[in-house]
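Me: Please take a close look at one strand of this chain and its surroundings. I am in my first year, so I would be grateful for a connected account that moves outward from that strand step by step.

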Amino acid sequence: MGDYVMNDMQKRIRQLCREFSLNELIPTSKEYDIEGRLNEDAYRKAVEIGFTKIAWGKEYGGLGLDTVTQVMVTEELSYGDAGFANVMVASSLAARPVLMAGTEEQKQFMADIVIHGGKAAFCLTEANAGSDAGAIRTSAKKTEDGYIINGSKCFITNGPEAEVYIVFAMTDNSKGVKGISAFLVPGDTPGVGHGAHEDKVGIRQSSASDVIFQDVKVPFSALLGKEGEGFKIAMKTLDIARIDCAAAAVGIAQRAIDLSVKYAKERKTFGKPIAKLQAIQFMIADMEIQTEAARALVRQAAELKDMGQINSKICACAKAFAGDTAVRVATDAVQIYGGYGYIRDYPVEKLMRDAKIFQIFDGTNQIQRVVIAGNMLK
Ligand SMILES: Cc1cc2nc3c(=O)[nH]c(=O)nc-3n(C[C@H](O)[C@H](O)[C@H](O)COP(=O)(O)OP(=O)(O)OC[C@H]3O[C@@H](n4cnc5c(N)ncnc54)[C@H](O)[C@@H]3O)c2cc1C
């Protein structure tokens, strides 16, 4: 993260995160990437340090820190390994609807899981409802003592391990998106199941799978907010989540820059380091320009949120720009490494694979442009 406008506590937290990434994540990042599983030891340490407490208010056992600090932590952990960071980011994504619309009991229930390292999953996407999230088919039928949920979600981060699922389901088909409601479903509820781990291209320390709901009975107290508010809750959640998602993308870009600068000073062609070549210098300068600009957008979105103004357009700008930047910058890092960049023994090809998802999830970058233009032209 850039050194601008940080208070002393933020500087200390950033340093702690950077050391955690350098000592606990980077040395084993390649091996966990190949195996496609979470570094559980590092995860436990991250929970002990308190990274899962940052965004929760003190009343729920959290640290009550602001969004600016939260995104700084996300950037730094993603610098170490974007897949690892994504496990925590996905749990905060799932916590968001509860913080937004939940009762005090629901909030404390969620906090007790997430703060202590339990995973949570946000279940919106279905096979025929990704960008078109309003087209979901999962249903929640009202009964005398609650709801019965049936349906199948796909690509759900933390899907196989989550202790709690936030599920968006149709309570009234006739009302379109106004018939969607949100539910808090504990993972051990009978009828909740999941598919196999998806064999992903990148962010391989985090899992994604189908999550299946078969005659899942939940009490009325599982409803978040009111019936019919689910789509609004999901969209507001995604606005906020995009700030964290963008911060993670910046972390990847920063790592790509740091590795490129180091390599450019070491690698010699024509008798001198490639860092002396203007072609390489300009590439590195462009990587820096884009990454600093992306970080500034993330910061703006986070500051606005801390001021109580969640600005959909700025959140979407930050997510789209940071995602595009991470892909461009990581690809340029591969270029700077030349042939070695394309070989798995070197660290930059992983960054390119990790970066790509940031143009796809939390709303594709085409959808971010739909949001931005929609805000401007309404
Ligand atoms: C690794 C991973 C983790 C994920 N985690 C989660 C999760 O935790 N929870 C969850 O609910 N979902 C999750 N998702 C789902 C993700 O949010 C969706 O994949 C994404 O929203 C895109 O939906 P889709 O795959 O159906 O693509 P589609 O909607 O089919 O889009 C296909 C293409 O068409 C473009 N397109 C579609 N509509 C428009 C439009 N109106 N204007 C312009 N272009 C358009 C898209 O940009 C894309 O390029 C995850 C996905 C992945 C791959």
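Reply:

**Strand E5 and its surroundings**

Pro186 in strand E5 is the bridge partner of Val164. The account that follows describes a predicted model. The bridge belongs to a longer pairing, for strands E4 and E5 are joined by seven bridges in the antiparallel sense. Strand E5 comprises residues 180-186, and E4 comprises residues 164-170.

E5 has another partner. Two bridges connect it with strand E8, residues 223-224, again in antiparallel fashion. Here Phe183 of E5 stands opposite Leu223 in E8.

How enclosed is E5 by the rest of the structure? Six of its seven residues are buried, so the strand is largely enclosed by the rest of the structure. The word "buried" has a definite sense here: a residue is counted as buried if 20 or more other C-beta atoms lie within 10 Å of its own.

Phe183 also leads from the strand to the interior. The largest nonpolar core has 116 residues, and Phe183 is among those with the most contacts inside it, together with Ala246, Ala249, Val298, Ala318, Ala322 and Ala330. Helix H6, residues 230-266, gives the most to this core, namely 18 residues. As a general background, nonpolar side chains in soluble globular proteins tend to be buried together. Ala322 gives an example of the contacts concerned: leaving aside residues up to four places away in sequence, it touches Ala246, Ala249, Val250, Ala294, Leu297, Val298 and Phe358.

Returning to the strands, one may step from E5 to E4 and then onward to E1. E1 and E4 pair in the parallel sense over four bridges, whereas E4 and E5 run antiparallel. Within the pairing of E1 and E4, Phe122 stands opposite Ile166. In a regular strand, the side chains alternate between the two faces of the sheet. In E1, Ala120 and Phe122 lie on one side and Ala121 and Cys123 on the other, and all of them are buried, so both faces of this strand are covered.

The loop between E3 and E4 contains Asn158. This residue has a positive phi of about 70° although it is not a glycine. Is Asn158 buried or exposed? It has 31 other C-beta atoms within 10 Å and is therefore buried. Phe270 offers a useful contrast. Its phi is also positive, near 50°, in a residue other than glycine, and it lies in the loop between strand E9 (268-269) and strand E10 (272-273). Phe270, however, has 7 other C-beta atoms within 10 Å and is exposed.

E3 itself takes part in a hairpin with E2, and four residues lie between the strands. The two strands run antiparallel and are joined by four bridges. Lys142 has Tyr147 of E3 as its bridge partner. In this hairpin, Gly146 takes a positive phi near 155°.

E1 and E3 also bring the ligand into view. The ligand is surrounded by 21 residues, the closest being Thr125, Gly130, Ser131, Thr364 and Gln366. The elements that give two or more residues to this shell are strand E1 (120-123), strand E3 (147-157) and helix H10 (365-377). By class, the shell consists of 13 nonpolar, seven polar and one charged residues.

How is the ligand placed with respect to the domains? The domain assignment divides the chain into domain 1 (8-114), domain 2 (120-231) and domain 3 (238-377). Domain 2 and domain 3 each give at least three residues to the shell around the ligand. The centres of these two domains, taken over C-alpha atoms, are 31 Å apart. Where they meet, four residues of domain 2 are in contact with six residues of domain 3. On the domain 2 side, these comprise two nonpolar, two polar and no charged residues.

A last stop is Ser312, which lies in helix H8, residues 312-336. With 19 other C-beta atoms within 10 Å, Ser312 is partly exposed, because a count of 20 or more would be needed for a buried residue. Its C-alpha atom is separated by 9.4 Å from that of Gln368, although the two residues are 56 apart along the chain. Apart from residues up to four places away in sequence, Ser312 touches Asp239, Val371 and Asn375.

Conventions
Residues numbered from 1 in each chain as written. Predicted model: local features only at pLDDT ≥ 70, side-chain atom pairs only at ≥ 80, totals over all residues. Near = placed C-beta within 6 Å. Nonpolar A, V, L, I, M, F, W, Y, C, P; charged D, E, K, R; others polar. Domains from an automatic or database assignment. Buried ≥ 20, exposed ≤ 12 C-beta atoms within 10 Å, placed from the backbone. Pairing = 2+ DSSP bridges. Core = buried A, V, L, I, M, F, W, Y, C linked by C-beta atoms within 7 Å. Contact = placed C-beta atoms within 7 Å.
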